[in-house]
Amino acid sequence: MGKLAFISLLVAVLAALVGERIFNLRKRSLATRELVQNHLPNCFRLKHIDNGAEDITILPDGLAFISAGLTYPGLPSANVQGKIFTLDLQDSRIKPVELRMPRNFDLDSFNPHGISVYVDPNDDSIYLFVVNHPGHDSQVEVFKYMEEDLSLLYVKTIKHELLYSLNDIVAVGVDRFYATNDHYYTSDLFKGLIEPLLGQPWCNVVYYSPEEVKVVSEGYYYANGINISPDKRHIYVMDLLDHKLHVLERKEDNALAPVKSVNVGSLCDNIEVDAETGDLWLGCHPNGWKVFMMDPENPPGSEVIRIQNIDSEKPEVTQVYADDGQVIIGSSVAATYGGKLLIGSVFHKALCCDLQDDTVSD
């Protein structure tokens, strides 16, 4: 075979390989899915939140914490400073309040992603755990919520070689947590281009404590949201690119054992758990390809999915809200309290909607 023929063959093989990988990525990102609008009554935009509300979590008393201002490679960004808001859902005004950040914390590099709240049973102190990406690195910031002056007290920063591409976190103590790594590689080029094309299940879940740090679950295509059951016995992990929610049992040594997986039919992001019913609420990307392309004329849509009876043999998966991107772009989280549904997004806005009677917790 001549040199020219060999090169031509090599180019053809590479082109076929890349084509197959793109086809696979489009399939996993549900590129051909078209959304049917499914709106809720009385939805309105939350004030003061203009650059995303990537994660939202709500305490049993109705106090919501919101992370805003995430800057993420490959996604639109206003290049704004990261912020944390609270929202009292028992207050009829539904008004987000920006928390005052501590002076001894580097606010200029604050780039908040997933969050988790832990209430210390010893004194009811509220600790906020925040995945932070200063300079697109990964670390966890721990704050103490000071209700009297609506501020955060800086506790510490946690870094570790196993916490290298953090997405979300669930605290299980004042100094321990489970967290997801959503990529295998750390460079923007490999994370944003090479890894999606390779499409391998290389992501994982890590357990952190002062005593030990270890990988406790792996084999995910894109380990994203993570949360815990009300009885603290199970951890829930969302694999965004595999369209599955995984249920894992906590062991005495903090390892996780797989129990089941639930198909959700969408690229779901964060997981919130109703403390009373145990229902899971997911903020989802119905067509991930539109997120990759980011065409202003054809924006990514938003979807909210609810999973009921997660412990049963046949959990019930229901679409509660769907929008084609005209109202809210790129939903990433959904959380409920008192008949209200909060919907956050990666970089767009946040909504508060009234739930219909058949979706309100009994």
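Let's start at one residue: Arg33 is partly exposed, with a relative accessible area of 25%. That value sits in the range between the under 20% that counts as buried and the over 50% that counts as exposed. The model you are looking at is predicted, and Arg33 makes a good doorway into it. Arg33 belongs to the loop that links helix H1 (3–28) with strand S1 (44–45). Leaving aside residues up to four places away in sequence, Arg33 touches Gly265, Ser266, Pro286, Asn287, Glu303 and Gln319. One of these partners, Pro286, is 253 residues away along the chain, yet the two C-alpha atoms are separated by 7.2 Å.

Now step back to the whole chain. The protein chain has three helices and 24 strands. For 362 residues, a compact globule would have a radius of gyration near 21 Å, and the protein chain, at 20 Å, agrees with that. Its C-alpha trace spans about 80 × 50 × 45 Å along the principal axes. Contacts between residues 24 or more positions apart make up 53% of those with a separation of 6 or more. As for cover, 53% of the 362 residues count as buried.

The surface and the charges round out this overview. About 16,600 Å² of the protein chain is exposed, and carbon and sulfur atoms supply 51% of that area. There are 30 positive and 51 negative charges, and their mean positions are 4 Å apart.

With so many strands to follow, a reminder may help. Strands of a sheet pair through backbone hydrogen bonds, in a parallel or an antiparallel way. Take the open sheet first: four strands follow the order S2-S3-S4-S5, with antiparallel pairing. Strand S2 (55–58) and strand S5 (97–98) stand at its edges with a single partner strand each, so one side of each has no neighbour in the sheet. Further in, strand S3 (residues 63–68) and strand S4 (residues 83–88) run antiparallel and are joined by six bridges. In this pair, Leu63 has Asp88 in S4 as its bridge partner.

Moving along the chain, we come to a run of hairpins. Before it, Lys232 lies in the loop between strand S14 (223–228) and strand S15 (234–239). Lys232 has a phi near 70 degrees, a positive value in a residue other than glycine, and at 47% relative accessibility it counts as partly exposed. S15 then pairs antiparallel with strand S16 (residues 244–250) through six bridges, including one that sets Ile235 against Leu248. The hairpin of S15 and S16 has four residues between the strands, and His243 takes a positive phi near 60 degrees there.

S16 continues the pattern on to strand S17 (residues 256–263), with seven bridges in an antiparallel arrangement. Leu248 appears again here, with Pro258 as its bridge partner in S17. In the hairpin of S16 and S17, five residues lie between the strands, and Asn254 has a positive phi near 75 degrees.

Next comes strand S19 (residues 280–285), where six of the six residues are buried. In a regular strand the side chains alternate between the two faces of the sheet. In S19, Leu280, Leu282 and Cys284 point one way, Trp281, Gly283 and His285 point the other way, and all are buried. S19 has antiparallel partners to describe: five bridges join it to strand S18 (residues 267–273), and five bridges join it to strand S20 (residues 302–308). On the S18 side, Cys268 has Cys284 as its bridge partner; on the S20 side, Leu282 stands opposite Ile305. S18 and S19 form a hairpin with six residues between them, and Gly278 in the turn has a positive phi of about 80 degrees.

Our last stop is His285, a residue of strand S19. Is His285 buried or exposed? With a relative accessible area of 7%, His285 is buried. Apart from residues up to four places away in sequence, His285 touches Leu240, Ser266, Leu267, Asp269, Val291, Gly330, Ser331 and Val346. Ser266 is a name you have met already, among the residues that Arg33 touches. That brings the tour back to the loop between helix H1 and strand S1, where Arg33 lies.

Key:
Residues numbered from 1 in each chain as written. Heavy atoms only, no water. Helix = DSSP H or I, 4+ residues; strand = E, 2+ residues; numbered from the N terminus. Rg over C-alpha atoms; globule rule 2.2 N^0.38 Å. Buried < 20%, exposed > 50% of the residue type's maximum accessible area, 1.4 Å probe, protein only. Contact = heavy atoms within 4.5 Å. Areas by Shrake-Rupley, 256 points an atom, 1.4 Å probe, with all protein chains shown as cover. Lys, Arg positive; Asp, Glu negative; His and termini not counted. Charge placed at Lys NZ, Arg CZ, Asp CG, Glu CD. Pairing = 2+ DSSP bridges.
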